[in-house]
Amino acid sequence: MKFLIINLKKAIKRKEYIVNLCQKYKLDYEIIEAVDGKTIDKNEYLNIVSYDKMLQFHKRELGLGELGCSLSHKKCYEKMLQEDINHAIILEDDAYFDERLLNFLKYINEFPKDLELLLLGHQRQVYNDDGFRIESPYSRRFAKKIANYKIRRLIARGNGTYGYFITKNGALKLLSHLEKIYLPIDSLTCNEKVLNTYALFPVLVYTHENFMLESSTQDDKKFLKKRSKISKYIKKFHIFVKYFLPSLRKVRPYENIDC
């Protein structure tokens, strides 16, 4: 299994961390140099994005960090097509995993046949002050059990692109939506209108706690504000109630993929 690791050239400590982790588990990995969004000027920005479509779907301009993150993942998809890589694990350099991930990947032949992307790490929200998690809302009408895990269909955003499995066909579909960028990359990787996407529960890839209060490719700080534990549980309950009925609806079938 090929592991593609996204890392900003200037993020030396992160590179050392993720390389050590990959070497610990003797992985076939490659560092993909991330795009630093802060270096993108206004003219280049307007050339990269689909501005009207961005405002239509995202309701605001993408931040430079969001744009750099999307371009960095795009480089991974392009590499997969150029080198005919049938499937890969894409990780950001702040990802943490252990041997449980490698044991799970042994079951690749049991993945749904139509699967094009599997989120190995994701959440509706994680609070950086204490790691409190609100899980991604999922359909209760589909669950593929593998070992101690369940592969599910999402019914809302599964935030995060720090760790996922992707097929060449999934990379091709995502590239078609990245010719002119109009959404953050994690709005695409969880979007079943874009590709056949699934999510793993419980997750096997996390953001390492040492890096939770910083971001090398994005500049979004909206989740840094502190909330009381009670308010966090209230929000968690609100998310549950909001998506309970949608979780009971029948999911549309995906297009089957010839493997």
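**Burial and overall form**

I began with burial: 51% of the 259 residues of the chain count as buried. The model is a predicted one, and I read every entry below with that in mind. I then looked up the overall dimensions. The C-alpha trace spans about 45 × 40 × 35 Å along its principal axes. The radius of gyration is 18 Å, which agrees with the value near 18 Å for a compact globule of 259 residues. I noted 8 helices and 12 strands in the chain. For contacts with a separation of 6 or more, I found that 80% are between residues 24 or more positions apart.

**Nonpolar cores**

I looked next at where nonpolar side chains gather. In soluble globular proteins they tend to be buried together. Here the largest nonpolar core has 40 residues, and Leu-67, Tyr-77, Ile-90, Ile-166, Leu-174 and Leu-188 have the most contacts inside it. Helix α4 (residues 64–82) gives the largest share of this core, 6 residues. Another core, of 31 residues, lies apart from it and includes Cys-22, Leu-118, Tyr-149 and Leu-200.

I picked Ile-166 for a closer look. Beyond its neighbours within four places in sequence, Ile-166 is in contact with ten residues that I list in full: Tyr-77, Met-80, Asn-86, His-87, Ala-88, Ile-90, Glu-116, Leu-117, Ala-171 and Leu-174.

I then checked Thr-167, which is in strand β10. Is Thr-167 buried or exposed? Its relative accessibility is 14%, so Thr-167 counts as buried, the cut-off being under 20%. With neighbours within four places left aside, Thr-167 is in contact with Met-80, Asn-86, His-87, Leu-115 and Glu-116.

**Helix α1**

I took α1 as the helix to follow. It has 13 residues and reaches 18 Å from first C-alpha to last, close to the 18 Å expected at 1.5 Å a residue. Its buried residues are Arg-14, Tyr-17, Ile-18, Val-19, Leu-21 and Cys-22. I asked what covers the buried residues of α1. The cover includes the strands β1 (2–7), β2, β3 (87–92) and β4. Lys-26, just after α1, takes a positive phi of about 55°.

**Aromatic pairs**

I searched the whole structure for aromatic pairs and found 12. The ring centres of Tyr-25 and Phe-97 are 5.9 Å apart with planes at 40°, so I entered this pair as tilted. It links distant parts of the chain, 72 residues apart: Tyr-25 is in the loop between α1 (12–24) and β2 (28–33), and Phe-97 in the loop between β4 (95–96) and α5. Tyr-25 is buried at 17% relative accessible area, and Phe-97 is buried at 0%.

The rings of Phe-111 and Phe-165 have centres 5.3 Å apart and planes at 90°, so this pair is edge-to-face. Phe-111 lies in the loop between α5 and β5 and Phe-165 in strand β10 (residues 163–167), so the pair ties together parts 54 residues apart in sequence. Both Phe-111 and Phe-165 are buried. I also noted that ring pairs link Phe-104, Phe-111, Tyr-149 and Phe-165 into a cluster.

**Charges over rings**

I recorded two cases. The charged end of Lys-42 sits over the ring of Tyr-45, 5.4 Å from its centre. That of Arg-153 sits over the ring of Tyr-254, 3.7 Å from the centre.

**Tyr-107**

I located Tyr-107 in the loop between α5 (99–105) and β5 (117–119). It is partly exposed, with a relative accessible area of 33%. Not counting residues up to four places away in sequence, Tyr-107 touches Ile-146 and Ala-147. The C-alpha atoms of Tyr-107 and Ala-147 are separated by 8.5 Å, with the two residues 40 apart along the chain.

**Backbone exceptions**

Most residues other than glycine have a negative phi, and most peptide bonds are trans. I looked for exceptions. Lys-59, not a glycine, has a positive phi of about 70°. It is in the loop between α3 (51–58) and α4, and at 66% relative accessibility Lys-59 counts as exposed. Asp-84, also not a glycine, has a positive phi of about 55° and lies in the loop between α4 and β3. The peptide bond from Phe-201 to Pro-202 is cis, with omega near -10°. I placed Pro-202 in the loop between β11 (197–201) and β12 (206–207).

How values were computed. Residues are numbered from 1 along each chain as its sequence is written. Side-chain values use heavy atoms; hydrogens and water are left out. A nonpolar core is a set of buried Ala, Val, Leu, Ile, Met, Phe, Trp, Tyr and Cys residues joined through side-chain atoms within 4.5 Å. Buried means under 20% relative accessible area, exposed over 50%, partly exposed in between (1.4 Å probe, protein chains only). Helices (H or I, at least four residues) and strands (E, at least two) are DSSP runs, numbered from the N terminus. Contact means heavy atoms within 4.5 Å. Rings of Phe, Tyr and Trp (its six-membered ring) pair if their centres lie within 6.5 Å; planes under 30 degrees apart count as stacked, over 60 as edge-to-face and the rest as tilted. A charge sits over a ring if NZ of Lys or CZ of Arg is within 6 Å of the ring centre and within 35 degrees of the ring normal. The expected span of a helix is 1.5 Å times one less than its number of residues. The radius of gyration is taken over C-alpha atoms; the globule rule is 2.2 Å times the number of residues to the power 0.38.
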